[in-house]
Amino acid sequence: MSRTDDDARKIDRGNPRQSCPVRRADDGTWQVRGYAAARAVLRSPDTVQAGLGVETVEKLPARIRRPVLYRDGPEHREHRRQTARYFTPRRVDEHYRELAERVTEKHLAPLRTTGAARLEDLSFGVAIDVACGVIGLTRSRPGIQRRLERFFPEKFGKPGLTSPHGIYWLFRQNTNWLRIYLADVRPAIRAHRTRPADDLISHLIADGCKDAEILGECLTYAAAGMVTTREFICVAAWHLFTDAGLRDRFRTGDRQERLAVLHEVLRLEPVVARLGRRATADLEVPGEQGPFTVPAGERVDIFVDDANTDREEVGADPLLVCPARPTTSGKAMALSFGDGPHRCPGADLAMTETDVFLSRLFALPGLRMVTPPEVSFQDEIGGYVIRGLEVAVDRQ
């Protein structure tokens, strides 16, 4: 990867930055790369989700309740209102910080003993344990990490009945759904029906959800709370390993200073860099020469990585990691967690567990990066997959 002195990104998505904040592509979709336009689209009540399998979910019978990711309008707002209490900053600090600290120590213990490990394994273990605590997946059989690895592979196929590969993919994913249901979700549902807890599964049971609907919600939160957090932990650690000044700042700073570093890294390296919306009415979007209209029914693709590095929003040197950036305190993560009705509810939780894990990892004696990682991509979401970053410490 070739980078210039004014570009600190680790992730090269292969597309040169476009100067035009909004344009219509050859396929008829609208591409939004400017911050103001992207935020306006994400906040508009006249859009619904597009991509991320929405088109497939829409084919399900109407009697099946959709996971929150695939709902819009009043139904979505009510769901978010009911579950908001699980993700407030106060709850994260009072309930989940201790959980993050405990599972971090659990997953760092083997590293202290053996002296080496792959960061994607350590970070995924922490992300799984934290998310399971929030969701209520507390009765799982051994092997949940392996089951989730199978369900969320590094490369996704396209299910269907028109090709052998599509049929195989469909069979594989249905098998993985069943494994997770039988080993993780069903035991939790049974336990929570007998003894409700203050977690998502108990809420869904009380709300009258069927087992299949609870499974869908669990997997939605797993994707948002486990997979993306693992990748962010890895990319943030990569920055710290290769930037001595940033590493010292993170190691010696207080919690707010550490979070400022993480916020800025996430601005520069969003885990999900493509968000799709479809206009349900004529949509007015700000542009360089004044507002323009996206006709109802048309798709808008938001390039989060470009919006987050819009000089008009973030100021000078938008491709450098600058924790003291003036926008950091008010718009720290820019659009990396989305915006509007579908903004990720677990943003505070993700940043807290990342801070807890990395602050303890980088406090270990003799910590070093043995091998740099390899990067692959998930094109539909503009996401990156970081693998092979091996770390070592002095054995204790």
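**Exercise 1: a strand pair and its sheet**

Task: In this predicted model, find how β9 and strand β12 (residues 390–392) pair, and over how many bridges.

Solution. Step 1: Look at β9 beside β12; the two strands pair in the antiparallel sense over three bridges. You can check one position by eye, since Thr371 stands opposite Glu390 in β12.

Step 2: Now widen the view. β9 and β12 belong to an open sheet of three strands, ordered β4-β12-β9, with antiparallel pairing. The edge strands are β4 (116–118) and β9 (368–371), each of which pairs on one side only. Between neighbouring strands of this sheet the turn is 35 degrees on average, direction ignored.

Step 3: Add the helix. Helix α5 (residues 119–135) packs on the sheet and touches β4 and β12. The direction of α5 makes about 70 degrees with that of β4.

**Exercise 2: a hairpin**

Task: Work out how many residues lie between β10 and β11 in their hairpin.

Solution. Step 1: Locate strand β10 (residues 374–378) and strand β11 (residues 383–387), which run antiparallel and are joined by five bridges. Ser376 stands opposite Val385 in β11.

Step 2: Follow the chain from β10 to β11: four residues lie between the two strands. In this turn, Gly382 has a positive phi of about 60 degrees.

**Exercise 3: the five-stranded sheet**

Task: Which strands are the edge strands of the sheet with the order β1-β2-β8-β5-β3?

Solution. Step 1: Read the order from end to end. This open sheet has five strands and mixed pairing.

Step 2: Pick out the strands that pair on one side only: these are β1 (22–24) and β3 (47–50).

Step 3: Look at one pair in detail. β3 and strand β5 (residues 274–279) run antiparallel and are joined by four bridges; the bridge partner of Thr47 in β5 is Ala279.

Step 4: Notice the twist, which averages 30 degrees from one strand to the next. Helix α1 (residues 35–43) lies across β1, β2 (30–32), β3, β5 and β8 (299–303), and runs at about 130 degrees to β8.

**Exercise 4: two packed helices**

Task: Describe how α9 and helix α11 (residues 255–268) pack.

Solution. Step 1: Recall what is needed. Two packed helices are described by the angle between their axes and the distance between the axes.

Step 2: Fill in the values: α9 and α11 pack at an angle of about 110 degrees, and their axes are 10 Å apart. Angles of 65 to 115 degrees count as roughly perpendicular, so α9 is roughly perpendicular to α11.

Step 3: Find the contact. From α9 come Phe232, Val235, Ala236, His239 and Leu240, and from α11 come Val261, Leu262, Val265, Leu266 and Leu268. By class, this contact has nine nonpolar residues, one polar residue and no charged residues.

**Exercise 5: a cavity**

Task: Which helix supplies the largest share of the lining of the largest cavity?

Solution. Step 1: Start with the count. The structure holds one cavity of 30 Å³ or more, and the largest cavity has a volume of about 50 Å³.

Step 2: List the lining: Leu137, Ile144, Leu148, Ile180, Asp184, Val185, Cys218, Leu219, Ala222 and Met226.

Step 3: Match residues to helices. α6 (144–151), α7 (164–194) and α9 (211–242) each supply at least two lining residues. The largest share, four residues, comes from α9.

Step 4: Sort the lining by class: nine residues are nonpolar, none is polar and one is charged. Well done for getting this far!

Technical notes: Residues are numbered from 1 along each chain as its sequence is written. This is a predicted model: local features need pLDDT of at least 70, side-chain atom pairs count only at pLDDT 80 or more; totals for chains, interfaces and linings use all residues. Side-chain values use heavy atoms; hydrogens and water are left out. On a 1 Å grid over the protein atoms alone, a cavity is a set of points where a 1.4 Å probe fits but cannot get out, and a pocket is an open set with protein on both sides within 12 Å along at least five of seven lines; lining residues have an atom within 4 Å of a point. Grid points are joined across faces, edges and corners, and a volume is the space filled by probe spheres set on the points. Ala, Val, Leu, Ile, Met, Phe, Trp, Tyr, Cys and Pro count as nonpolar, Asp, Glu, Lys and Arg as charged, and the others, Gly among them, as polar. Axes are lines fitted to C-alpha atoms, for helices over the stretch in contact, and angles run from 0 to 180 degrees between N-to-C directions. Angles under 35 degrees count as roughly parallel, over 145 as roughly antiparallel, 65 to 115 as roughly perpendicular and the rest as oblique. Contact means heavy atoms within 4.5 Å. Two strands pair if DSSP finds at least two bridges between them.
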